[in-house]
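Good morning, colleagues. I should like to speak briefly about strand pairing, and I ask you to keep the structure in view as I go.

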Amino acid sequence: MSAVVKRAKLNDDHHQSDKISIPSSVIVHFANGDGIRAGPPVDIPISTTTKQLELLLNSLLEKESSPLPYAFYVNNMEVTGSLEDTLTQIQLNGDKLPKKATDGQDFSTFEDTITVSYQPLSVFRVRPVTRCVETMPGHTDAVLHVSYSPDGKRLASGGGDLAVRFWNVTTSMPVHTCMGHKHHVLCTIWTPDAKLFISADRSGEIRVWDPQTGKAVGQPMSGHKKWITSLCFEPLHRDPSCTRLASSSKDSTVKVWNIRTGLCETTVCGHTDSVECVKWGGTGLLYSCSRDRTIKVWEVDSSGRSQHKLLRTLTGHAHRVNTLALNCDYVLRTGSFTLGSTTTTATDSNEVLTPQTIALNRYTELVGSNGDGERLVSGSDDFTMFMWSPQVDKAPLTRLVGHQQLINHIAFSPDGRYFASASFDKKVKLWCGKTGRFLSTCTGHVGSIYQVSWSADSHHLVSASKDSTLKLWNVKDTKKAVNTLAGHEDEVYTLDWSPNGSQLASGSKDRTIKIWHH
């Protein structure tokens with residue numbers, strides 16, 4: 001036996017001896033996202049499954065009469081099978097187990113109490129879409145955007161024909177055609193209270209529409225010197241009037257507007273190239289990414305006195321940054337509109353919660369009361385992604401590699417447990433929403449993937465591709481697409497799954513919108 005082989009064998013034996021054998025039972029205590037414990041520590045067998053953990057937790061929380069589904073994590077790793085499988089994987093990774101603080105010493109045995117974090121899941125199920133029920137013509141050029149209102153009761157679209165169109169989601173018939181833009185409609189967004197719709201075009205002009213009447217509200221908002229790349233609203237729990245809108249542009253700036261007055265409150269300058277995407281976080285911070293390879297974190301004065309300051313610059317990407325995603329995007333988008341929500345309600349049955357309070361409850365349930373659980377993921381032309389905790393640190397939490405072409409779009413699941421990345425390498429990849437750990441690859445498209453959209457229960461995902469098809473994926477089994485949704489005659493640029501889960505809309509270069517049902 002050679003010296004090299006002997007040395008390798010000795011090292012392997014040494015590592016094996018360092019590992020601690022997992023006992024037949026462990027003492028655990030359950031804690032929510034804020035670290036608040038549910039009941040006393042419990043001694044359970046390591047063969048305990050997620051279903052059994054769920055029963056135990058509902059018992060500790062005294063919810064046996066109306067049990068709720070939960071996801072469980074040890075050391076930010078989700079328990080998907082048994083507790084033993086997760087502990088073994090953590091041990092193989094060389095991680096230290098989260099434990100109850102005792103004497104400040106490092107974890108060395110399984111005699112310490114292990115923390116199992118829990119997160120409530122949706123109590124409803126969305127039936128996966130399988131067939132096209134309507135094809136809606138009307139646009140005379142490519143459809144670039146389709147989006148459902150936060151309550152799922154309206155559908156709006158915009159495209160290359162300069163028009164914004166509103167559709168009846170029940171009859172799939174056109175309701176209003178809104179003209180006024182002088183160039184391609186590139187960006188659209190609903191207010192979080194679902195009362196107004198905003199569109200922005202290639203000339204840098206922003207217009208506000210009333211979906212009830214189809215009429216423009218106020219005067220167009222002009223100020224950007226080049227076309228607009230992204231729009232976002234201040235979260236409902238911070239601005240219940242839904243008046244503050246941020247827009248990013250090719251002119252290297254971000255502007256904050258008051259849509260009621262039509263005035264620009266502040267212009268955020270600092271990037272040296274086109275700003276590709278802007279997000280407004282739940283803690284009130286603005287995040288902008290640019291072709292200058294940086295992501296900047298801004299604090300904007302909430303009183304609207306045109307004041308802002310740069311908090312930190314996030315660097316690491318080697319090429320332009322194309323897209324940003326927050327793990328609370330779905331909650332911020334839907335505001336106070338809930339479907340099967342597990343949010344804590346008022347203790348007094350006579351007390352009526354305001355939309356602002358409901359939105360705040362939903363946000364804190366997802367990321368914690370102080371917002372520390374908010375995560376940002378950036379995707380770039382350098383084929384990589386970074387996960388950040390931008391409120392507290394400018395260093396990335398992790399770097400995510402695997403794609404072989406530029407990353408075009410990233411979307412978190414509504415419950416924040418996963419996120420999906422769409423790339424020009426014809427693949428969708430799934431990642432853990434807490435740690436950024438790679439989970440699986442969805443392979444099947446034969447063209448670049450433009451966009452992905454999640455079902456409201458976070459169980460399914462749909463991707464839109466250059467190959468003129470959409471594919472439906474089950475996050476628990478991504479080896480093969482559940483369904484291939486064919487029907488469009490050209491590239492599918494955009495899609496949106498209704499927040500109420502009832503239907504999915506897709507828009508294509510073939511100038512049509514298709515509605516898909518289960």
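Let us begin at Ala71, which stands opposite Gln119 in strand S5. Please bear in mind throughout that this is a predicted model. The strand behind that pair of residues is S3, residues 70–74, and its pairing with S5 is antiparallel, with four bridges.

S5 has a further partner. Strand S1, residues 25–31, pairs with S5 over four bridges as well, in the parallel sense. Here Val28 is the residue to find, standing opposite Ile114 in S5. In general terms, the strands of a sheet pair through backbone hydrogen bonds, and the arrangement may be parallel or antiparallel.

How many of the seven residues of S5 are buried? Five of them are, where buried means under 20% relative accessible area. Strand S5, residues 114–120, is therefore largely enclosed by the rest of the structure.

I turn now to another part of the chain. Four strands form an open sheet there, in the order S32-S33-S34-S35, with antiparallel pairing. Which strands lie at the edges? They are S32, residues 449–454, and S35, residues 483–485, each of which pairs on one side only. Within this sheet, neighbouring strands are turned by 25° against each other on average, with direction ignored.

At the S35 edge, the neighbouring partner is S34, residues 470–474; three bridges join the two strands, which run antiparallel. To locate this pairing on the screen, look for Lys471, whose bridge partner in S35 is Thr484.

Thank you; I welcome your questions.

Key:
Residues are numbered from 1 along each chain as its sequence is written. This is a predicted model: local features need pLDDT of at least 70, side-chain atom pairs count only at pLDDT 80 or more; totals for chains, interfaces and linings use all residues. Side-chain values use heavy atoms; hydrogens and water are left out. Two strands pair if DSSP finds at least two bridges between them. Axes are lines fitted to C-alpha atoms, for helices over the stretch in contact, and angles run from 0 to 180 degrees between N-to-C directions. Buried means under 20% relative accessible area, exposed over 50%, partly exposed in between (1.4 Å probe, protein chains only).
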